[in-house]
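Take a look at the chain below. Start with the strands, then turn to what is packed inside.

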Amino acid sequence: MNRTIITICLAMLLMSLGSCTSTLKEQTITGTIKGLGTNPIVLLNEENVPIDTVEAINDTFVFKHQIDLNDPKFHGVTFPLLSEKGSRMIKDRTYFFVDSDAIQLTATIAEGGLEDIVVTGSPATTKYDDLNANFPANIEIKKYEQSYMEAFNKYNYGVQNDENRKQLSYYSSIIDSLMGMKRQNMLDAISINDKSVAMAAMFYFNFRNEPVEFLEKHLAQFSPELQNTYYLKQLYTKIALKKSSSVGSMAPDFELMNANGEMVKLSSFKGRYVLIDFWASWCGPCIREVPHLKKVYEKFKDHGLEIISVSIDDKENAWRKALDKHQLPYVKLWDDTKVTQDLYQFTGIPYVVLVNPEGDILQINKGLRGDDLETTLEALFR
């Protein structure tokens with residue numbers, strides 16, 4: 001290699017190294033939380049995973065870290081002092097964009113947890129909050145949320161009589177209607193906020209589980225300069241996963257532990273019809289499907305049917321306890337890391353998928369629940 005080429009290669013290498021490191025900048029998050037005292041605070045990344053912990057001193061704390069400010073993402077802080085109380089009614093965390101080198105957070109700890117939260121130094125957070133606060137539907141929701149919460153608490157934590165039920169039903173219907181209007185407000189706002197990372201994040205958080213066609217239509221409204229940012233890239237990944245796990249696609253393969261501690265692959269059942277039942281021990285509707293699953297398994301197992309139950313229980317003990325109780329006669333797998341939830345893009349259970357002997361997805365949910373399941377399989381095997 002001649003000297004000129006070596007020089008060019010070195011220059012390109014240095015440039016590439018520079019481009020890899022130049023986007024990372026020193027960033028600080030400082031806070032003053034009245035009532036915090038000397039207690040820990042945990043910093044959460046964009047995936048809600050703890051990445052740092054510091055100890056507050058006299059209500060104040062500082063986080064320092066390196067981050068790419070060119071692609072802003074939501075981070076959060078959570079307070080073990082509050083979360084350890086074990087009540088869902090207590091606000092123990094708050095979220096904000098990390099989009100500048102210095103962000104300040106102030107709040108107060110009260111009976112309900114964090115109150116009077118103010119974030120400064122983050123333009124994207126300000127934009128997000130302003131968008132949210134000024135949607136016409138949100139302005140209306142503010143008028144009713146106090147009455148709704150009072151009715152909710154009266155019925156759920158007070159007396160469950162007809163009067164309290166009617167009040168809760170009345171305010172619930174108003175809130176539900178306004179939430180539908182808010183969804184439309186958000187979609188209408190994209191066209192005039194197409195370059196806003198705050199709008200991109202809002203779209204992601206509120207619509208990421210919508211069908212592929214819906215996502216593709218509205219993603220196209222965002223500016224080209226935003227298409228390669230974190231939240232829109234997440235949506236494009238979701239679209240790809242949704243397409244790869246839809247009817248007509250090859251069923252995504254997975255390998256999970258069975259009840260005997262052995263690793264089992266979905267692909268090892270090719271040549272048979274496979275009914276995959278995603279469930280959990282705590283899911284009432286899932287348990288109600290068990291008698292139907294047992295019935296069709298006994299009826300069709302000798303005709304080429306296999307049933308694979310995939311539990312998404314967090315704890316192995318809960319899964320095994322349910323297995324002992326319900327005595328499932330078919331394949332039993334445990335997915336504690338929720339890998340199948342990503343592969344098959346389901347947000348609720350039971351979620352039932354029928355796969356043909358070639359490994360293609362034939363049906364999802366429709367016709368695979370209750371008495372309809374036997375009817376569907378009868379047509380398949382007759």
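This report covers confidence, one strand and its partners, and the nonpolar cores.

**Confidence.** The model is predicted. The mean pLDDT of the protein chain is 92, and 93% of its residues reach 70 or more. Residues 1-21 have pLDDT below 50. Beyond near neighbours in sequence, that stretch has 1 contact in the model.

**Strand β13.** This strand spans residues 331-334. Val-331 and Leu-333 point one way. Lys-332 and Trp-334 point the other way. Buried or exposed? All four are buried. Two strands pair with β13, as the table shows.

| Partner of β13 | Sense | Bridges | Residue facing Leu-333 |
|---|---|---|---|
| β9 (residues 255-258) | antiparallel | 2 bridges | Asn-258 |
| β12 (residues 305-311) | parallel | 4 bridges | Val-310 |

Helix α10 (residues 316-326) joins in too: β12, α10 and β13 make a right-handed β-α-β unit.

**The cores.** In soluble globular proteins, nonpolar side chains tend to be buried together. Here, the largest nonpolar core has 45 residues. Which residues have the most contacts inside this core? They are Leu-275, Ile-276, Phe-278 and Tyr-344. Several elements each supply at least two residues, including β11 (273-279), β12, α10 and β13. Helix α9 gives the most, with 6 residues.

Now zoom in on Phe-278. Leaving aside neighbours within four places in sequence, Phe-278 is in contact with residues including Cys-286, Val-310, Tyr-344 and Val-353.

Another core lies apart from the largest one. This other core has 30 residues, among them Ala-198, Met-199, Ala-200 and Tyr-230.

Terms used:
Residues are numbered from 1 along each chain as its sequence is written. This is a predicted model: local features need pLDDT of at least 70, side-chain atom pairs count only at pLDDT 80 or more; totals for chains, interfaces and linings use all residues. Side-chain values use heavy atoms; hydrogens and water are left out. Buried means under 20% relative accessible area, exposed over 50%, partly exposed in between (1.4 Å probe, protein chains only). Two strands pair if DSSP finds at least two bridges between them. A crossover is right-handed if, with the strands pointing away from the viewer, the path from the first strand over the helix to the second runs clockwise. pLDDT is the predictor's confidence in each residue, from 0 to 100. Contact means heavy atoms within 4.5 Å. A nonpolar core is a set of buried Ala, Val, Leu, Ile, Met, Phe, Trp, Tyr and Cys residues joined through side-chain atoms within 4.5 Å.
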